[in-house]
Amino acid sequence: MTTPEIVEAAPAKLNLYLHVLGRRADGFHELDSLVAFADVGDTVTARPGFARVALRGMALPPVGPRLAVSGPFGAALMGEDPSRNLVIRAAHALAARLGREADVVLMLDKRLPVASGIGGGSADAAATLRALARLWEVPADAALLYEVGVTLGADVPVCLAGRPAFFGGIGEQLDEAPALPDCHAVLVNPGVPVPTPAVFKARSGAFSAPARFTRAPADAAELAALLRERGNDLTAPALTVAPVIADVLASIEGTAGCLLSRLSGSGATCFGLYATAAQAAEAASGIAAAQPKWWVKPARLLPAPADAPPLPRGLQVPARQDLGQDMAPPPPIPFPDTGGWGVG
């Protein structure tokens with residue numbers, strides 16, 4: 001009998017604009033952002049866990065999940081506590097919600113830079129939830145996936161949607177975006193991780209107003225024009241954390257055909273928008289030649305699927321002190337015995 005194997009893509013998330021509207025009493029910031037996804041990203045594979053065998057005189061080892069990490073940025077995750085990894089946390093959280101054991105083997109092919117503003121960890125968590133829903137026969141559009149996702153991080157709900165959308169609040173308010181035109185991009189990261197808390201801590205000054213638009217841009221140039229009327233409020237504070245971001249933005253702006261250059265999220269990944277795949281490919285080639293140590297990828301913005309289910313309504317964010325609690329008990333012994341890390 002063949003072991004079922006579920007593969008889910010975890011595409012890069014781009015904040016086409018991002019406005020910080022205010023700060024709540026609990027310390028979280030209210031946001032308004034238009035998010036799109038690119039056709040580059042990580043991959044999460046899930047399959048049923050192995051049978052557990054007790055050694056003589058010992059109890060059965062705890063159930064996983066077990067996680068193996070591969071890919072060019074896999075090594076960057078190996079220094080962190082496995083129980084903090086969003087893939088492991090997502091598996092624990094969904095299993096707890098379903099009242100079952102997290103008996104699963106997960107493989108993460110890590111191709112996006114870590115702590116880079118393009119939702120890598122959040123996209124991985126969302127892909128894990130989708131993969132486990134298929135493996136454990138939960139409807140892929142079940143509200144409980146979003147209810148679990150909102151406890152894992154601000155970007156996880158929109159990454160679960162996996163299509164262009166506006167998000168508000170601290171990520172729990174999702175709304176449909178107008179159809180986006182065919183548009184290409186170049187993603188550039190200088191190899192400097194930028195922790196989101198440090199960027200928000202460095203933010204100062206007035207807050208912005210929401211800036212949603214309702215008309216569907218006719219083409220990439222019109223989309224870029226709409227976005228130029230908006231911005232990313234985290235750019236200035238991110239520059240204080242990682243000044244090299246200014247060099248990245250300048251490199252993108254200097255390429256032929258660039259319609260817009262912008263920081264995504266809290267950085268340090270920046271992106272440029274282009275009308276054609278050829279322009280994006282030429283721009284990526286030029287930047288990579290000039291900066292061989294930077295991560296540079298041409299990409300296409302993913303359209304919304306024609307059969308996309310409605311976005312969830314009324315998601316409730318747990319109190320700050322409850323976020324992440326009891327979601328991921330730390331694995332007592334490293335992989336491969338009971339859970340934690342492996343290297344693929």
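The following paragraphs describe the confidence, strands, helices and selected residues of a predicted model.

Across the chain of this predicted model, the average pLDDT is 89, and 87% of the residues score at least 70. The confidence is not of that level everywhere, since residues 324–344 form a stretch over which pLDDT stays under 50. For this stretch the model nevertheless has 57 contacts beyond four places in sequence, and these contacts should be read together with the pLDDT of the residues that make them.

Strand β2, which covers residues 29–48, pairs with strands β1, β4 and β5. With strand β1 (residues 6–23), β2 runs antiparallel and is joined by 15 bridges, and within this pairing Leu14 has Ala36 of β2 as its bridge partner. The hairpin made by β1 and β2 has five residues between the strands, and in this hairpin Gly27 takes a positive phi near 100 degrees. The pairing of β2 with strand β4 (residues 104–109) is likewise antiparallel and extends over six bridges, with Pro48 placed as the bridge partner of Val104 in β4. Strand β5 (residues 165–169) is also paired with β2 in the antiparallel sense, here over five bridges, and Leu31 stands opposite Gly169 of β5. In keeping with a strand that is mostly covered, 15 of the 20 residues of β2 are buried.

Helix α1 consists of 13 residues, numbered 86–98, and the distance from its first C-alpha to its last is 18 Å, which is close to the 18 Å expected at 1.5 Å a residue. At the N-terminal end, α1 is capped by Asn85, of which a side-chain oxygen lies 2.8 Å from the backbone nitrogen of Val87. Just after the helix, Gly99 takes a positive phi of about 70 degrees. Like β2, helix α1 is mostly covered, with ten of its 13 residues buried; among them are Leu86, Ile88 and Leu94, together with Arg89 and His92.

One of these buried residues, Leu86, is also touched by Ser122, a residue whose place is in helix α2 (residues 120–135). Ser122 counts as buried because its relative accessibility of 12% is under the 20% limit. Besides Leu86, the residues that Ser122 touches, when those up to four places away in sequence are not counted, are Asp155, Val156 and Cys159.

Pro190 is found in a loop, namely the one between β7 (184–189) and α5 (196–202). Although placed in a loop, Pro190 is buried, because its relative accessible area is 12% and the limit for burial is under 20%. Its contacts, again leaving out residues up to four places away in sequence, are with Val244, Val248, Ala268 and Trp294. The C-alpha atom of Pro190 is separated by 7.2 Å from that of Lys293, a residue 103 places apart from Pro190 along the chain.

With regard to the cysteines, a search of the whole structure finds zero disulfides. Two cysteines may be set side by side in terms of their accessibility: Cys270 is buried, with a relative accessible area of 0%, whereas Cys258, at 22%, is partly exposed. Cys258 falls in the partly exposed class because its value is not under 20% and not over 50%.

Technical notes
Residues are numbered from 1 along each chain as its sequence is written. This is a predicted model: local features need pLDDT of at least 70, side-chain atom pairs count only at pLDDT 80 or more; totals for chains, interfaces and linings use all residues. Side-chain values use heavy atoms; hydrogens and water are left out. Helices (H or I, at least four residues) and strands (E, at least two) are DSSP runs, numbered from the N terminus. Buried means under 20% relative accessible area, exposed over 50%, partly exposed in between (1.4 Å probe, protein chains only). Contact means heavy atoms within 4.5 Å. Two strands pair if DSSP finds at least two bridges between them. A disulfide is a pair of cysteine sulfur atoms within 2.5 Å. pLDDT is the predictor's confidence in each residue, from 0 to 100. The expected span of a helix is 1.5 Å times one less than its number of residues. A polar contact is a pair of N or O atoms within 3.5 Å; within protein, one must be able to donate a hydrogen and the other to accept it, and residues adjacent in sequence count only if both atoms are side-chain atoms.
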